[in-house]
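Me: I have a model open and want to learn how to read it. Please take me through its features one at a time.

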Amino acid sequence: MSALTTDAPRRPTGGRKKSKLGWNLVGLLVFLVVGFPLYWMLDTAFKPAKDAIDPDPSLLPTGITLDNFRRALDIADFWGPVGRSLIVSLSVVVIGIVVGLLAALAISRFAFRGRKIVIVGILAVQMVPLVSMIIPVFLLLNDLDQYDKLSGLIITYLTFILPFTVWTLRGFIVNIPKELEEAAMVDGCSRTGAFIRVVFPLLAPGMVATSVYGFIQAWNEYLYALMLLSQEHQTATVWLGNFTTKHGTEYAPMMAGATMMAVPIVVLFLLVQRKMAAGLTAGAVKG
């Protein structure tokens, strides 16, 4: 009789409920802290300019206007810097993914002399502060006649985005069993054909996640774009500096400009959010 008796499902105890409630409150607090700057940017972008400099600001919107966006578009050329930022960011993503994928494949699938040194070098490059490389990069680009050119800025961005791309893609490739490639080769595929038909589709989420990271880094970078490009060739992040004049900072138009700059990132996330989520968790379990 006792052998046939099954235990009744256990209900969460009061301690577990309190613990779950506590973690939910912590998550809500983190969300409020992280999301408040975004909310304040949007609120300032749509509120009247005089309310943006009010010494006693209101947390809730007091009025909605689009004058700040018109002012942002009139104060300086907007589409030129945005177009240049898109060219630089997309070029960095495409070149970085192609070169990074080939390098990651070589490091993870082939044994060659100096392999460990290459891996250590990739990690070491990511530890170097970007600020410390400004003068060497400036002198090198000047010698190569790449100063004040978008191609020079693309090369510069690749120097600190490529190591991350290689290291991240290497992790995804390592987590794909070699047996899948070997089985495809037994069925008649060449090594290249096995990679294209078997490995490449499994790498798609990881490539999307890495591409989004590279795009965001190139799109948001400010210091090198300011130092290596003139006012005529400025990117979108440097363009935001036009709102600081001798009369002060025009905060409402600046927030409107920042909102317009955030649109490509938001659109990109909406398009690839499923692949992005899959890519961020693909390396969590091996096999």
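Me: How many helices and strands are there in the protein?

Reply: Helices (H or I, at least four residues) and strands (E, at least two) are DSSP runs, numbered from the N terminus. Here there are 12 helices and two strands. From the N terminus, the order is α-α-α-α-α-α-α-α-α-α-α-β-β-α.

Me: What should I know about the model itself?

Reply: It is a predicted model: local features need pLDDT of at least 70, side-chain atom pairs count only at pLDDT 80 or more, and totals for chains, interfaces and linings use all residues. Residues are numbered from 1 along each chain as its sequence is written, and side-chain values use heavy atoms, with hydrogens and water left out.

Me: What percentage of the residues is buried?

Reply: Buried means under 20% relative accessible area, exposed over 50%, partly exposed in between (1.4 Å probe, protein chains only). Of the 287 residues in the protein, 36% are buried.

Me: And the surface: how much area does the protein expose?

Reply: Accessible areas come from the Shrake-Rupley method with a 1.4 Å probe; for residues, only the protein chains shown count as cover. The protein exposes about 18000 Å². Carbon and sulfur atoms supply 69% of that area.

Me: Now backbone angles. Which residue in the loop between α6 and α7 should I look at?

Reply: Take Asp 145, in the loop between α6 (134-143) and α7 (150-174). Its phi is positive, near 60 degrees, and Asp 145 is not a glycine. Asp 148 is also placed in the loop between α6 and α7. Asp 148 has a positive phi of about 60 degrees and is not a glycine.

Me: Why does Asp 145 count as exposed?

Reply: Because its relative accessibility is 53%.
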